[in-house]
Amino acid sequence: MKYEIVNGELTVDGERFVIDITGGKERRRSDAAAFTLVKTQSFLNAYAQMENQIKPRGIIELGVFQGGSFVLIDKIFKPERMSAVEIDAEPVAPLMDYLKRTPGRNVHFGTSQGDRAALTKIVDEDLGGVLDLVIDDASHQYGLTKQSFEILWPRLSPGGLYVIEDWAWAHGKSRQDASDPWTKHPAMTNLLIEQIMLLGSASEIAEIRVMRQMYVIKKLASAQVGPAPQDAVWKDLRNRGKPQPNF
Ligand SMILES: C[S@@+](CC[C@H](N)C(=O)[O-])C[C@H]1O[C@@H](n2cnc3c(N)ncnc32)[C@H](O)[C@@H]1O
């Protein structure tokens, strides 16, 4: 299906979304009339394509902000169960209302994407152990994004998809100045390169599709599923002992 933003708004399956991609805390709050959605048209096109590729039974989203993406992803993929974590502890009232009227959906506020115990419990209990799609739109920080991947990749079903949004921030024009607050953060590109090396090492990665707004890692149909120690995902990475990338 096509999901088209018209005059900064989108309606899907009776739910209304107002787009706000401005940075910082001044973004619009979701209200009874519409959820706030932090996505451009190119993201919606990518998810519309993915809709033809996978019918996920269980989804985890990392980073919901005002809940717009949680509701939209739910409407696009119609999974049996869907859960999310958001580091902000303050629940979003219209999202809480949506969860109340939509069984099998949970959002855990005040929970970090790097919280192994919380993510493990969500897969086991909220999703009944079935995880087919992960969407990470949370911190966009190398370390935390890697931690989530180390926790959730081993739990992803064979053929499942792991999406990492907004990985390319370090290459944006506005991020090149040494005074930029993100200068101190390692680029997400480091993680992408590590995952490409993992793909090359004949691991459980079937393919990595890289777009500017996101990349999507597909798990091999023959891959294993189950809990694994934090660094187990890297066990297959062969790099001739050379140093890891460090941008
Ligand atoms: C870009 S916004 C998400 C936008 C939302 N997915 C959408 O498209 O409408 C990123 C969100 O991630 C949250 N976040 C930042 N660090 C996080 C962390 N360590 N764990 C979970 N959420 C985090 C932020 O509080 C923020 O709400």
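Which residue has a polar backbone atom 2.8 Å from a nitrogen atom of the ligand? In this predicted model, that residue is Q113, whose polar backbone atom lies 2.8 Å from the ligand nitrogen. Two further backbone contacts involve G63, with a polar backbone atom 2.9 Å from a nitrogen atom of the ligand, and F65, for which a polar backbone atom is 3.3 Å from a ligand oxygen atom. Of the 600 Å² that the ligand exposes when taken alone, the protein buries 86%.

The ligand is surrounded by 17 residues, and the closest of these are K39, S69, E86, Q113 and D137. Q113 therefore appears both among the closest residues of the shell and as a backbone partner of a ligand nitrogen atom, given that a polar contact is a pair of N or O atoms within 3.5 Å. When the shell is divided by residue class, 7 nonpolar, 6 polar and 4 charged residues are found around the ligand. The space that the ligand takes up is the largest pocket of the model.

A separate part of the description concerns P158, which is placed in strand β8, a strand that spans residues 156-165. With a relative accessibility of 37%, P158 counts as partly exposed, because this value falls between the 20% limit for buried residues and the 50% limit for exposed ones. Between P158 and E207 there is a separation of 49 residues in sequence, while the C-alpha atoms of P158 and E207 are 12 Å apart in space.

Note on methods: Residues are numbered from 1 along each chain as its sequence is written. This is a predicted model: local features need pLDDT of at least 70, side-chain atom pairs count only at pLDDT 80 or more; totals for chains, interfaces and linings use all residues. Side-chain values use heavy atoms; hydrogens and water are left out. A residue is near a molecule or strand if one of its heavy atoms lies within 4 Å of it. A polar contact is a pair of N or O atoms within 3.5 Å; within protein, one must be able to donate a hydrogen and the other to accept it, and residues adjacent in sequence count only if both atoms are side-chain atoms. Accessible areas come from the Shrake-Rupley method with a 1.4 Å probe; for residues, only the protein chains shown count as cover. On a 1 Å grid over the protein atoms alone, a cavity is a set of points where a 1.4 Å probe fits but cannot get out, and a pocket is an open set with protein on both sides within 12 Å along at least five of seven lines; lining residues have an atom within 4 Å of a point. A molecule sits in a cavity or pocket if more than half of its atoms lie within 2 Å of its grid points. Ala, Val, Leu, Ile, Met, Phe, Trp, Tyr, Cys and Pro count as nonpolar, Asp, Glu, Lys and Arg as charged, and the others, Gly among them, as polar. Helices (H or I, at least four residues) and strands (E, at least two) are DSSP runs, numbered from the N terminus. Buried means under 20% relative accessible area, exposed over 50%, partly exposed in between (1.4 Å probe, protein chains only).
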